[in-house]
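Trainee: I have a model open and want to learn how to read its charged pairs and its cysteines. Can we go through them step by step?

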Amino acid sequence: MGPLSVALRNAVALFGDGVEPYAPTPSDIVYDEPHRRLRRYRRATPATGDPVLLVPPLAVTISCYDMRPSQSLVRFLLELGREVYVLDYGEITYADRDLGFEEWVDDIVPTAIAAISADNGHCPVDLIGWSFGGTISVLTAAGHADLPIGSVTAVGTPFDQRRNGQISLARRFGQLTGGREVTMPVRVAGGVPKYGVRAGFRIQSIDRELTKPWYIARNIADTEALARMQSVDRFMDTMPGYPGRFYRQAYRQLIIRNEMFKGTVHLSPSRAIDLSALTAPTQLIGGTKDALASSASVAAGIGVLSGAARVHFTEVPGSHLGIIAGPAARDTTWATIADFLDSARVPTRTPSPTH
């Protein structure tokens with residue numbers, strides 16, 4: 001098919017079902033309960049190595065780890081020989097307004113880890129989390145020393161909000177006001193609805209939105225480029241919302257009070273998690289162009305996780321979404337994860353930032 005024919009076909013597809021249909025990696029449901037559906041991805045061959053649990057952030061779908069066949073951390077891990085699981089939180093509505101970090105850190109993720117370990121001969125489970133998924137993974141490992149956790153990988157997960165660009169400005173403003181300009185509307189609304197999350201994500205990538213017509217025109221005969229673009233659009237169009245309590249905790253404790261950097265996160269008056277209690281080998285990955293979790297804010301975790309067997313920080317090129325699901329992720333973030341998983345059983349602590 002010639003370039004003109006490809007361009008014509010793509011132009012028609014853009015206004016129809018898209019240039020490439022969404023084809024998630026096949027999976028089976030291990031158990032299905034509200035906000036905690038556990039999926040196991042299908043393998044064609046017996047697994048080797050410890051199983052992996054992918055922990056998504058809230059307000060996105062599990063497609064963040066499985067955007068399309070060539071941009072799928074899931075498929076990459078399956079190729080490494082791993083048994084791969086993911087937690088699917090489903091839709092978040094007003095009825096979920098009282099759900100907070102505790103539900104994930106003390107219940108949803110620990111329950112999944114225990115089930116996965118039992119399903120795999122009681123071996124340890126490697127946690128991988130992007131964005132708030134990394135925050136939840138770190139808090140879970142620090143808050144539950146008895147869990148069979150082999151390692152923790154946090155991708156695009158900030159520890160020091162003072163080093164976090166635009167968010168550091170919101171932090172300083174929130175310190176002056178007490179954060180009521182955010183927490184009160186969120187309390188009244190019961191959370192951040194999905195439409196607000198989607199709009200916010202597009203605003204954060206406003207340059208992409210403004211240049212999209214030119215991008216389409218320039219790549220109208222490049223099916224791969226258009227498929228990547230549409231996979232990101234599909235990802236943003238399916239974002240669920242945040243529960244009210246969770247969002248208020250994230251804003252107050254993590255952003256205004258910077259508790260991830262201080263080393264103790266107070267989820268409630270009776271629940272505080274000391275991050276130095278995390279003992280598993282830990283990998284931190286930051287992106288050079290990440291507007292939500294600057295590389296420096298991620299690297300700050302090296303000094304916080306003082307009890308970990310070892311902590312390793314790697315800086316990779318890319319934006320917040322790009323470092324986990326972009327076209328270059330296979331050779332950067334994913335390759336870093338693969339190397340870390342291979343060495344995660346090393347018991348000595350050797351913090352070593354690399355750039």
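Trainee: Is Glu 224 buried, partly exposed or exposed?

Mentor: Remember that this is a predicted model. Glu 224 has 34% relative accessibility, so it counts as partly exposed. The buried class ends under 20% and the exposed class starts over 50%.

Trainee: Which residue forms a salt bridge with Glu 224?

Mentor: Start with the general idea. Side chains of opposite charge can pair when their charged atoms come close. Here the partner is Arg 68, with the closest N and O atoms 2.8 Å apart. This pair links distant parts of the chain. Arg 68 sits in the loop between β3 (52-55) and α2 (73-79). Glu 224 belongs to helix α9 (residues 223-237), 156 residues apart from Arg 68.

Trainee: How accessible is Arg 68?

Mentor: Arg 68 is at 4% relative accessibility, so it counts as buried. Its partner Glu 224 counts as partly exposed.

Trainee: How many salt bridges does a search of the whole structure find?

Mentor: The search finds 16. Another one to look at is Arg 39 with Asp 88, whose closest N and O atoms are 3.6 Å apart. Arg 39 lies in strand β2 (residues 37-41) and Asp 88 in strand β4 (residues 84-88). They are 49 residues apart, and the pair links distant parts of the chain.

Trainee: Are Arg 39 and Asp 88 buried or exposed?

Mentor: Arg 39 is buried, because its relative accessible area is 18%. Asp 88 is buried too, with 15%.

Trainee: What does the salt bridge of Arg 163 look like?

Mentor: Arg 163 pairs with Asp 160, and the closest N and O atoms are 2.9 Å apart. Arg 163 is partly exposed, at 42% relative accessibility. Asp 160 is buried, with a relative accessible area of 0%.

Trainee: Which residues are joined into one network by salt bridges that share partners?

Mentor: Glu 20, Arg 68, Glu 224 and Arg 228. You have already met the Arg 68 and Glu 224 pair.

Trainee: Now the cysteines. How many disulfides are there?

Mentor: General idea again. A disulfide is a covalent bond between the sulfur atoms of two cysteines. With a sulfur cut-off of within 2.5 Å, the count comes to zero.

Trainee: Are Cys 64 and Cys 123 buried or exposed?

Mentor: Cys 64 is buried, with a relative accessible area of 0%. Cys 123 is buried as well, at 16%. Both values are under 20%, so both earn that label.

Conventions
Residues numbered from 1 in each chain as written. Predicted model: local features only at pLDDT ≥ 70, side-chain atom pairs only at ≥ 80, totals over all residues. Heavy atoms only, no water. Buried < 20%, exposed > 50% of the residue type's maximum accessible area, 1.4 Å probe, protein only. Salt bridge = Lys/Arg side-chain N within 4 Å of Asp/Glu carboxyl O. Helix = DSSP H or I, 4+ residues; strand = E, 2+ residues; numbered from the N terminus.
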